[in-house]
Amino acid sequence: MGSNMAECHPVGFQWVMEAKAAGARVIHVDPRFTRTSALADTFVALRAGSDIAFLGAIVNHILTNRREFREYVVAYTNASSIVGDDFRDTEDLDGLFSGWDPEEKAYDPSTWQYAGMPVAPSAGHREAAAQGEAHGHGAKLAAGEPATDPTLDDPRCVFQILKRHFARYTPELVEEVCGVPREQFLEVAEALCANSGRERTTAMCYAVGWTQHTVGAQYIRTAAIIQLLLGNMGRPGGGILALRGHASIQGSTDIPTLYNILPGYLPMPHAATHQTLADYIAANTAPGGFWGHTDAYVVSLLKAWWGDAATAENDWCYDYLPFITGDHSAYRTTLDMVDGKVKGYFVMGENPVVGSANGKLQRLALTKLDWMVVRDLVEIETASFWKDGPEIDSGELKTAEIATEVFFLPAAAHTEKDGSFTQTQRMLQWHTKAVEPQGDCRSELWFYWHLGRIIREKLGGSTDERDRPVLDLTWDYPLVDGDPAAATVLREINGVGPDGRTVSGYTALKADGSTRCGCWIYSGCYADEVNQTARRRPGHEQTHYALEWGWAWPANRRILYNRASADPSGKPWSERKKLIWWDEAEGKWTGEDVPDFVIDKPPDYAPVEGAKAEHALRGDEPFVMQTDGKGWLFAPSGLVDGPLPSHYEPHESPFTNPLYAQQANPARQMFRRKGNRYNDEDGKAYPFVMTTYRLTEHHTAGGMSRFLPHLAELQPEMFCEVSPALAAERGLVNGGWATISSARTAIEARVLVTDRVKPLTVQGRVLHQVGLPYHWGWKGLVTGDAANDLFALALDPNVHIQEVKAATCDIQPGRRPR
Amino acid sequence: MRHPAGPATPMTRMGFFTDTSICIGCKACEVACKEWNDVPDDGFDFLATSYDNTGGLSADTWRHVAFVEQPVSVPALGENGIRWLMSSDVCKHCTHAACLEVCPTGALFRTEFDTVVVQQDICNGCGYCVPACPFGVIDERESDGRVWKCTLCYDRLKSDLEPACAKACPTKSIQFGPLDELRARAAGRLGALREAGVADARLYGADETDGVGGFGAFFLLLDKPEVYGLPPDPVVTTRDLPRMWRAAAGAALALVGAVAAACARQR
C-alpha cells in the first residue's frame with residue numbers, strides 16, 4: 001500500500017517475485033492499477049487519501065474478531081499499559097484528542113501519558129515536540145513503570161482505548177470512505193489475519209504514497225498497529241518496509257540532510273531548551289533502552305568532528321553545533337526566501353522547481369536569493385529558471401530583473417566515485433568508482449572537502465571566536481588524485497577507540513571523550529579496520545540472511561527487534577519462523593541473525609532498582625530502542641498530531657469526513673498566503689481527486705532521465721491517466737490534450753485513457769481520480785508541464801512533507817491557455 | 001536440423017526464454033540493449049498505447065515490451081477487473097530463418113551459438129530479408145540503409161557474457177542459456193502455472209515442429225499470441241520456395257514445350 005514497488009523499485013521487486021514464486025500472496029492496494037497491481041494476486045482500488053480508514057478497519061477487524069496474536073500483544077506491546085484519566089479520544093471530542101489548543105493550532109500531549117507517570121520533558125513544547133524524526137526513535141517517556149492490566153480488560157488500558165477508537169471503522173465505512181466494496185476489504189483483512197501468527201508472518205511495504213499527506217506519519221502508525229497486533233514485528237517475513245525514493249535516501253536520514261537531526265537520529269540542539277550539553281543530554285536520554293547512552297553517542301560525535309579541540313572543559317565543543325529555533329524545513333525555508341530572509345542556497349541532487357510542491361512559488365523564491373549553487377549531472381531547470389522558466393516565457397519575470405547569482409557546477413555520477421548506498425533494509429553497500437568523471441565533474445565529497453579547505457584557508461589566522469567551529473574541524477582525509485578517500489570517511493563514521501583503531505560497534509562508545517564516532521548507529525561498519533560494507537560473499541555461500549553481504553545498521557542486524565522472534569521464555573514462536581533464541585547451556589542469545597538484544601541477558605532477567613539504559617529493560621522486552629521496551633500501539637509521545645491515527649480527509653478533498661466533525665488533520669501545517677491559494681476557497685470548482693507518482697522510465701524530477709535518449713523515448717511526454725468514464729464526461733480523447741487546473745495554476749498533458757483508472761463510488765456518488773506523473777519540466781530531450789506546479793504547500797506537521805498524493809483538481813479537454 | 005550456412009563445428013544452441021508471466025514491464029531490457037549495442041533512439045513520440053511508446057521491434061528497437069490491457073472478471077468486482085499483460089519481444093532466431101536464406105550477400109549468417117546475426121560490414125541494404133521475416137522483426141534503418149536486429153549480443157557471447165537484456169532483467173523474466181535447458185525449464189514453469197489455474201498459459205516457439213522449426217528465443221505467454229501482436233502460426237516464408245520453383249520450372253518447361261510445338265506446327 002502507498003507504494004508502486006514494481007515501477008519505482010523494480011530491482012527490489014525481484015524479491016517480491018521470488019516470494020510469490022515460493023507461494024506468497026501479493027496484495028496491492030492503490031488508487032491506480034499499476035505495474036505492481038499487474039503482478040499482484042489481488043488488487044484493491046481505493047480513493048487517494050483514505051488509507052487510514054482502510055487500515056483502521058483492519059485494526060477493528062482484528063480486535064472485533066479476536067484475531068490478534070494475544071501472547072505477543074500482551075508480552076511485547078504496550079496494550080496492557082494504563083493511560084491517564086485525563087486522556088480523551090477523538091471518539092469523545094469529535095475528531096480531536098485532548099490537549100488541543102485552538103489558538104496555537106497545536107496539541108499539548110501531556111494528557112496522552114500513562115497513568116501516574118510524570119509528564120515527559122518535551123510535552124507542551126511545540127518546537128521541541130516537532131522534532132518528529134528524533135523522537136520517532138526513543139520518544140520521550142519519564143522514568144517509572146506504568147500500571148498495567150495483563151488481562152487487557154481495564155477500560156483505560158491501551159488495548160481497550162484502541163478498540164473504542166477504531167470501533168466505527170467498519171467494512172461499511174471502508175466502502176463509504178475508500179470506495180472499496182466491503183467484500184473486497186474483508187478478503188484483504190482476513191488474508192492478513194490468516195497469514196499471521198506463530199507459523200506465518202506478513203510484511204507491509206510502503207513508500208511516498210503513504211507519507212506525502214497532511215496526516216502521513218499516522219498512515220505508517222496505523223500499519224505499525226496492525227503489525228504489532230498480528231505479531232509481525234521483529235520476526236522473519238514480517239515488518240514494515242519503507243521503500244525509499246532514491247538509492248540512498250535511507251542513508252541521507254541516517255547521516256542526515258535534515259535540519260532537525262544530527263547523525264544517528266540525535267536531535268539537533270534547540271536554542272530554547274538545550275543551551276548546554278548537560279541540558280541536551282538530560283532532555284534526550286531515556287531512562288530505559290539504548291537511548292540511555294545519548295551522552296556517549298553525542299560526545300563521540302563531537303570528538304569525531306572537532307578532535308583534540310573538543311575537551312571536557314569546553315563541553316566537547318557542544319556550542320560549535322548549530323542550534324535550531326523552530327521549523328527550518330525545506331518548505332519553511334522556501335517561504336523564508338520569498339520573504340527575503342535567505343541569502344544563499346545550495347541545491348544538490350534535487351530539482352525543486354520541478355520536484356517540489358507549488359513549483360511557481362519555488363521559482364519565485366529563488367529570485368529573492370543573492371546567490372545559489374546548483375550541482376547536478378546536467379543543467380536542470382533549477383539552475384536555469386532565470387533565463388528560460390515558465391515565468392520568463394509568460395513575461396511575469398524578466399531575466400534582467402533577477403539578481404540571483406547562480407553557480408552551476410557539474411557533478412559526478414555514482415559510477416564515477418567511491419562510496420556507499422544505504423538501502424531500505426538499512427544495509428550499506430559499498431561501490432567503487434568504475435570510470436573517471438568527465439571534464440570538471442566532481443563528487444560531492446570532493447566539492448565539500450575543498451570548499452571547507454578553501455574557507456579554512458581564507459579564515460586562517462582569524463582570532464574571531466565565531467570562526468573556531470570551522471577552523472577546529474578535523475579536516476584531514478588523505479587525498480587520492482585530489483579526492484578525499486571515501487573509505488576514510490566511512491572509517492570516521494565507524495569511530496575509533498583510545499588506541500586509534502576502529503571500534504567494534506556502538507556499545508564500545510564512551511562519554512568521556514576517549515572514543516570518536518561520526519554516527520553511532522553505523523558504528524561497526526568498519527570494525528577490525530575492514531570496510532564491512534564492501535563484503536560481497538555470494539548468497540549461495542551463506543545462509544539466506546546473508547550476513548556477509550554488505551553491512552546493516554545497527555551491528556549488522558538484518559531484522560530489527562528480533563528478540564520478538566522468540567516467545568517471552570526465549571523459544572522461537574515456531575520452528576518455521578525461528579530466527580534467534582536463548583541458548584540456556586551457553587547462556588546467550590543465538591540464531592541466524594545477529595541478536596538485537598543484550599547477548600547474555602536471560603529471558604527471565606528483571607532489572608534491579610536504579611538500573612539504567614538497556615539494563616532497565618527486562619529479558620522479555622524486545623523493543624530495545626523504546627524506553628519501556630514495548631512496541632507502541634498507542635504513542636504517549638513522539639507525534640504532534642495524536643497518540644493514535646484517525647481518518648482525516650486530505651486538506652483538499654471533495655468529501656466531508658463522515659467520521660468526525662473535524663474534517664482534516666487539525667495540526668496540519670498550512671500557509672495561507674499569496675502564491676499558495678488552496679482549493680478549499682472555491683471547492684466546488686475542483687470536483688476530482690489528483691495524485692502524483694513516478695514511472696519506471698524516469699527518475700523523480702527528471703534530471704537523470706529526461707536528458708538521456710534511451711530513457712526519454714520510453715515516456716516521451718507529460719501525460720495524465722483518466723478512466724474512460726471521465727474521458728466521456730469531459731470530452732477527453734486518448735492521445736489528445738487535457739488541461740488540469742487547481743487554485744495554483746493550470747498545466748497541460750497528453751491524455752491516456754485507461755481502464756486501469758476506475759471511477760469509485762464514494763459516499764454514494766461517483767468519484768473520478770486523475771493520475772499525474774511528475775517527471776517533466778521544460779528542459780531535456782522530452783519536455784512537459786510539471787505536475788507539482790498544481791499543488792499547494794499543505795504539510796504533515798511531524799515531518800513537514802507536502803501533500804501531493806491527494807488533492808483536488810478540474811480537468812478540461814485541450815491545451816492550456818497561453 | 002542445422003542450416004548449411006552454419007559453422008563447421010556446431011556448439012550448443014543458445015537462446016532466450018522470455019517468461020512473460022513475471023515481466024514487470026520495466027523496459028530495462030530495451031535500455032540495456034540500446035546501451036550495449038549503441039542503438040539510437042526510436043523517436044520521442046507519445047503513442048497513447050498503454051505504456052508502450054516504442055511501438056514494436058524495428059531497426060532501432062531490438063527488444064520491445066508490449067503492454068496489453070484486458071478486461072477480466074475478478075471475484076470481488078465481477079466483470080470490472082483488469083489485467084495488464086507485459087511481454088518483452090525480440091528476434092526469434094528461428095531454426096529455419098528466412099531472412100538468412102534470402103540474404104544474397106551472406107551478411108546474415110548463423111553463428112557458432114546457432115543464432116542469426118547481421119554482419120553490418122557486409123549488408124548492402126538490399127532489404128530482401130525485411131519481407132522475408134514472418135514476424136516483421138528485421139528492419140532497415142533509414143539513416144544508413146542497412147538492416148539491423150537483435151544479435152543475441154554476439155560480442156558478449158564470444159566473451160562468455162550473457163546478453164545485455166537478460167543481464168539487466170530484474171525478475172529473470174528474460175533467461176539466457178542452452179536452448180535445451182531453457183525448454184525444460186519452460187515446460188516446468190508452464191506446468192506450475194497450469195497447476196495454479198492459469199489455464200491460458202502457453203509456450204510460444206518452443207515446438208520444433210512449428211512453421212519455423214522452433215525459435216531460438218521462445219516465450220511463455222499468458223494468452224494467445226495474437227493478443228501480444230505475435231503471429232499465431234508463423235511459417236518460414238521460404239518454405240514454399242522449392243515447390244514454387246518446381247511449379248515455375250514446370251510452367252516454364254510447359255511454355256517451352258508449347259512454343260516448340262507451335263513452332264513445329266508452323267513448320
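Two residues are in contact here if their C-beta atoms, placed from the backbone, lie within 7 Å. Keep that in mind for the tour, and remember that this is a predicted model.

**Stop 1: chain B as a whole.** Select chain B and show it as a cartoon. You should find seven helices and ten strands. Turn the chain along its principal axes, and its C-alpha atoms fill a box of roughly 90 × 45 × 40 Å. Among contacts in chain B with a separation of 6 or more, 60% are between residues 24 or more positions apart. Of the 267 residues in chain B, 40% are buried.

**Stop 2: B:A48.** Stay in chain B and pick B:A48, in the loop between α1 (28-37) and β2 (63-74). Check the backbone here: phi is near 55 degrees, a positive value in a residue other than glycine. Is B:A48 buried or exposed? Neither label fits: B:A48 counts as partly exposed because it has 18 C-beta neighbours inside 10 Å, and a residue needs 20 or more to be buried.

**Stop 3: A:L152.** Now switch to chain A and select A:L152, which sits in the loop between α8 (132-136) and α9 (158-165). A:L152 is not a glycine, yet its phi is positive, at about 60 degrees. This leucine is partly exposed, with 18 other C-beta atoms within 10 Å.

**Stop 4: A:W553 and A:P554.** Finish in chain A by showing these two residues as sticks. The peptide bond joining A:W553 and A:P554 is cis, with omega about -10 degrees. To place it on the cartoon, look for A:P554 in the loop between β16 (551-552) and β17 (580-583).

Key. Residues are numbered from 1 along each chain as its sequence is written. Chains are lettered from A and ligands numbered from 1 in the order in which they are written. This is a predicted model: local features need pLDDT of at least 70, side-chain atom pairs count only at pLDDT 80 or more; totals for chains, interfaces and linings use all residues. Helices (H or I, at least four residues) and strands (E, at least two) are DSSP runs, numbered from the N terminus. A residue is buried if 20 or more other C-beta atoms lie within 10 Å of its own, exposed if 12 or fewer, and partly exposed in between; C-beta atoms are placed from the backbone.
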